[in-house]
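Work through these exercises with the structure open beside you. Try each task before you read its solution.

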Amino acid sequence: MGCIQSISCKSKVFRESISVIEVKASIDPIPTSIDESSSVVLRYRTPHFRASAQVLVPPIPKKETWIVGWIQACSHMEFYNHYGDQGMSSWELPDLLEGKIQAISDSDGVNYPWYGNTTETCTIVGPTKKESKFNISMNDNFYPSVTWAVPVSESNVAKLTSIHRDQSFTTWLVATNTATNEMVTLQTIKWRMRLGIEVNPSRPLGQRAKLQEPSAQEQPQVLSKNEPIPPSALVKPNANDAQVLMWRPKDGPPLVVIPPKHR
């Protein structure tokens, strides 16, 4: 039997009629910049990952609200700062590291599960008589500070010898019905940011750090087949609140330098 008049069929037709006219994803083709202006920390700024999409939403027949936007999760993180023969500091995501979750939310920490709520989402309130066409965009990059001196030492003598960072992300374009929490995945993008910096702490400030390969990042992949969103990518905590800074000495037990904000 057909179900031409049934609500579930209308809902299915509506879901399948949401379309992505165009999607773009790129990482700026520039190298990471290094800032040695501080005698306390080395700062670096990576190129931006950027994603944008033009979306077409058909008329909404009922009194319901849909949000279309970007959701992002981190699926892999290596972030090591080496201090010669003394050891290394390491930003870690314990649940991800231990394999308890597949990925962790990279939400702004306020608008779960969305990456943000300015250019990153668009809300359509029904009923609407016309189709809605709009652009949504997001961007992401790293701009951390790394102490020149060993983070658990009283000394402020520069000991930093290298920085290694390798992170992988999945970014989804999603449409969600706010009343039913029904979620339609429209697009999946994968991207990675890799970084190596070599440091000679005995050189004068301003001449210590040198960027290693890669000087340019791999460009993101817009997948032809969507990947499912892991439940951990939709809920608290986000990566910033869950990360912990560890000190891992060459000798002796590891120490927690900065505990996670979320416990």
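## Exercises: one sheet, two pockets

**Exercise 1.** Find the residue that stands opposite Val20, then place the pair in its sheet.

*Solution.*
- Start with the pair. In this predicted model, Val20 faces Val55, a residue of S4.
- Next, look at the two strands. S1 and S4 (residues 49-57) run antiparallel and are joined over eight bridges.
- Now widen the view. The sheet is open, has three strands and follows the order S1-S4-S9, with antiparallel pairing.
- Then check the edges. S1 (19-27) and S9 (132-140) are the edge strands, since each pairs on one side only.
- Last, take the angle. Neighbouring strands of this sheet are turned by 10 degrees against each other on average, with direction ignored.

**Exercise 2.** Describe the largest pocket: its volume, its lining and the character of that lining.

*Solution.*
- Begin with the volume, about 360 Å³.
- Count the lining: 21 residues. Asp106, Asp140, Phe142, Arg165 and Asn240 lie nearest the centre.
- Trace the sources. Strand S5 (65-83), strand S11 (162-177) and helix H3 (239-242) each give at least two lining residues.
- Sort by type: eleven nonpolar, six polar and four charged.

**Exercise 3.** Which helix supplies the largest share of the lining of the second largest pocket?

*Solution.*
- Take the volume: about 210 Å³.
- List the lining. The pocket has 14 lining residues, with Asp95, Ile104, Pro237, Ala242 and His262 nearest its centre.
- Find the helix. Helix H2 (residues 94-97) gives the largest share, three residues.
- Sort by type: nine nonpolar, two polar and three charged.

Terms used: Residues are numbered from 1 along each chain as its sequence is written. This is a predicted model: local features need pLDDT of at least 70, side-chain atom pairs count only at pLDDT 80 or more; totals for chains, interfaces and linings use all residues. Side-chain values use heavy atoms; hydrogens and water are left out. Two strands pair if DSSP finds at least two bridges between them. Helices (H or I, at least four residues) and strands (E, at least two) are DSSP runs, numbered from the N terminus. Axes are lines fitted to C-alpha atoms, for helices over the stretch in contact, and angles run from 0 to 180 degrees between N-to-C directions. On a 1 Å grid over the protein atoms alone, a cavity is a set of points where a 1.4 Å probe fits but cannot get out, and a pocket is an open set with protein on both sides within 12 Å along at least five of seven lines; lining residues have an atom within 4 Å of a point. Grid points are joined across faces, edges and corners, and a volume is the space filled by probe spheres set on the points. Ala, Val, Leu, Ile, Met, Phe, Trp, Tyr, Cys and Pro count as nonpolar, Asp, Glu, Lys and Arg as charged, and the others, Gly among them, as polar.
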